[in-house]
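Trainee: I should like to take a close look at a single part of this model, namely one sheet and the pieces that surround it. Would you please guide me through it step by step?

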2 protein chains.
Amino acid sequence: MTYEPAEPMRAEPMRVVALSSTFDLVNVFAKVRDPRLVLLRPEEVADPMAIDMALAWKPQDDAFDRFPNVRMVHSIAAGVDSIVGCPSLPADAVVARVRDDAQAMMMAGFAAAHVVWHHRRMADHTRAQAEGLWERSFRPPMSSDVTVGILGFGLMGRACARAIAALGYRVIAARNSAGGTAEGVEILSGPSAINEVAARADILVNVLPLTDATRDILNADLFARMPMGASLVQIGRGEQLVDADLLAALDAGRIRSATLDVFRQEPLPAGHPYWTRKEVLMTPHKASDSSHGEIMRQLVENCELYRAGQPPKGRVDRGNGY
Amino acid sequence: MTYEPAEPMRAEPMRVVALSSTFDLVNVFAKVRDPRLVLLRPEEVADPMAIDMALAWKPQDDAFDRFPNVRMVHSIAAGVDSIVGCPSLPADAVVARVRDDAQAMMMAGFAAAHVVWHHRRMADHTRAQAEGLWERSFRPPMSSDVTVGILGFGLMGRACARAIAALGYRVIAARNSAGGTAEGVEILSGPSAINEVAARADILVNVLPLTDATRDILNADLFARMPMGASLVQIGRGEQLVDADLLAALDAGRIRSATLDVFRQEPLPAGHPYWTRKEVLMTPHKASDSSHGEIMRQLVENCELYRAGQPPKGRVDRGNGY
């Protein structure tokens, strides 16, 4: 007689509805399924009143109307603006976001590389190569003479600040709420911090969360405070940048060059001026993604915490919006 | 009667001959003159036998024939291969090089940015932008899953290793001589270190000095050891890269992409394949320069040490060639 293991007790998997106007999240996360959790498209839910947890990304305005008992909503990313701002989000639902050191490190590497790109005028080198020109007249300042300003000092901002400081730049950061330091980084806070950082930044990196206070914050007034010929690395949210103001600042030479990773409308529409501006290096919202496996891991963890009556990790302050 | 300071005693400025086949060094350093030292073109020297110190960069083969009493030769950069290898260099002359932390940091930032460039396939993004395509299908591995190999672990190699490790990459370095560590960097030494590092490197950064042992070291044999689809950041010396072997490795997909900053012949000749290879990002020997002021400061310092009978800083082992 052979030893036969008993079938282990299996709890019913947790049922989570996936709400997104842009992605089929069930499909996106198909390869990283976890036996403790089943992700359902809205139309696959027979008993919507029994659903109390959601995974969301840019949910439609009425997405939660069919799911009024949802009390825990998890973003697929660090950004939660589209969830917190969703009109149908139940008033007492808690919202959680992904907080992922590996993702922050990817963001930091992206930011640091683009700081170097603009500092060293790498776009001029690629143009010279295309034209067959050996052009080496530009002598860049030493990195210790270049000030990089960071707008935002959460998980992403701190990682960016540390990485850029490690490359020898002078780093100043504007933060809103208190907390957090980074070696070699000067931190400014208070209502004028963003303007002060912009005024000193040869290269400005934006990683602010999108809130009512930060919408349209990268505008003509801010650009006018910046040093003539500064550069912008925009890896926050598209709605923070006033496109017409940036185009005018590029025309005026106020902003010499920019990396843009996020846009008001994504995909960026055909014919938008950014596609062809030689001063603009565009990436299609690829500065940093968490791995699907890590997002699923955090979703499962937070669903289990919720079921155990505990607050989820990465919980957002719905009032602040981040 | 007003106080009148006595005229200070002025020593005769030290006279240093400038020997270069590529630059008019007197002109290059005209803006950073130091009263303690006068730099002379060879034809400006009336009494060549009285000259015992030289500033040099790629001196002509017979450059020292007219100056047989030169006993201290200073490079304008970190590289000394063209000086140590100069046939007319007096046998008992000491050779010194620039050793500049700020320059090393610039080199490190350049290397780190190009590591990110290849890791994140930024060239695909710039191509997509040029074609008006919103293309975001590539999911890069997390930086902690990318191994960056560094060939060379002197001042430059250590700075590169530290900077790249600070961006979250797994860093391994090959060193020849003993000495030096960097946090988060695995160091391999011994005769097989270069091959071992290459075999593990998703991205390989070359900052080796040029010696008989490193000439042509970036060749088909080394590329064949590297992981399929690896990238190369070549910021060492042009003579270390076998161009035909790199072109073949690019054709085969063995090397997916490369940054090339240094070339066998500079300026790179018109019509050279590198100008138009889409896998190659070219820069015209601009990864890192010391500031002219810093070079002059080190030259003056070393001339004063020499005059005081002391060994110069940054003295090179002529036998090793670095």
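Mentor: Let us begin at one margin of the sheet. In this predicted model, strand β11 of chain B, residues 255-260, pairs with β12(B) in the parallel sense, over three bridges. One residue pair lets you find the place: B:L260 has B:M282 as its bridge partner in β12(B). As a general matter, the strands of a sheet pair through backbone hydrogen bonds, either parallel or antiparallel.

Now widen the view to the whole sheet. It is an open sheet of seven strands in chain B, in the order β8-β7-β6-β9-β10-β11-β12, and the pairing is parallel. The edges are taken by β8 (185-189) and β12 (280-282) of chain B; each has a single partner strand, so one side of each is left without a neighbour in the sheet. From one strand to the next, the twist averages 15 degrees.

Next, follow the chain through the loop between β11 and β12 of chain B, where B:P267 has its place. The peptide bond that joins B:E266 and B:P267 is cis, with omega about -5 degrees. In general, most peptide bonds are trans. Chain A also has a cis peptide bond, from A:E266 to A:P267, with omega near -5 degrees, and A:P267 lies in the loop between β11 (255-260) and β12 (280-282) of chain A.

A helix belongs to this picture as well. Helix α3 of chain B, residues 101-119, lies across β6 (147-151), β9 (203-206), β10 (230-234), β11 and β12 of chain B. Relative to β11(B), helix α3 of chain B runs at about 155 degrees.

To see a helix neighbour, turn to chain A. There the axes of helix α3 (residues 101-119) and helix α5 (residues 155-166) come within 8 Å and cross at roughly 50 degrees. That angle makes α3(A) oblique to α5(A), and the crossing is right-handed. On the side of α3(A), the residues that meet α5(A) include A:M107, A:A111 and A:V115; on the side of α5(A), A:M156, A:A159 and A:I164 are among them. The residues of this contact divide into 12 nonpolar, one polar and one charged.

How do the two chains relate? Chain B can be laid on chain A by a turn of 180 degrees and a shift of 0.0 Å along the axis, with an RMSD of 0.0 Å. The two copies are thus related as by a two-fold rotation axis. Of the residues of chain B, B:A113 comes closest to that axis, at 2.1 Å for its C-alpha. Of the interface residues of chain B, 100% are also interface residues in chain A, so the copies meet through the same surface.

Finally, set another sheet of chain B beside the one with which we began. This open sheet has five strands in the order β2-β1-β3-β4-β5, with parallel pairing. Its edges are β2 (37-40) and β5 (94-96) of chain B, each with a single partner strand, so one side of each is left without a neighbour in the sheet. Here the twist averages 30 degrees from one strand to the next. Within this sheet, four bridges join β1 (residues 14-20) to β3 (residues 53-57) of chain B, and these strands run parallel. B:L19 stands opposite B:A56 in β3(B).

Technical notes: Residues are numbered from 1 along each chain as its sequence is written. Chains are lettered from A and ligands numbered from 1 in the order in which they are written. This is a predicted model: local features need pLDDT of at least 70, side-chain atom pairs count only at pLDDT 80 or more; totals for chains, interfaces and linings use all residues. Side-chain values use heavy atoms; hydrogens and water are left out. Two strands pair if DSSP finds at least two bridges between them. Helices (H or I, at least four residues) and strands (E, at least two) are DSSP runs, numbered from the N terminus. Axes are lines fitted to C-alpha atoms, for helices over the stretch in contact, and angles run from 0 to 180 degrees between N-to-C directions. Contact means heavy atoms within 4.5 Å. Angles under 35 degrees count as roughly parallel, over 145 as roughly antiparallel, 65 to 115 as roughly perpendicular and the rest as oblique. A crossing is left-handed if the near helix is turned anticlockwise from the far one by less than a right angle, and right-handed if clockwise. Ala, Val, Leu, Ile, Met, Phe, Trp, Tyr, Cys and Pro count as nonpolar, Asp, Glu, Lys and Arg as charged, and the others, Gly among them, as polar. Copies are superposed by least squares on the C-alpha atoms of residues with pLDDT of at least 70 in both.
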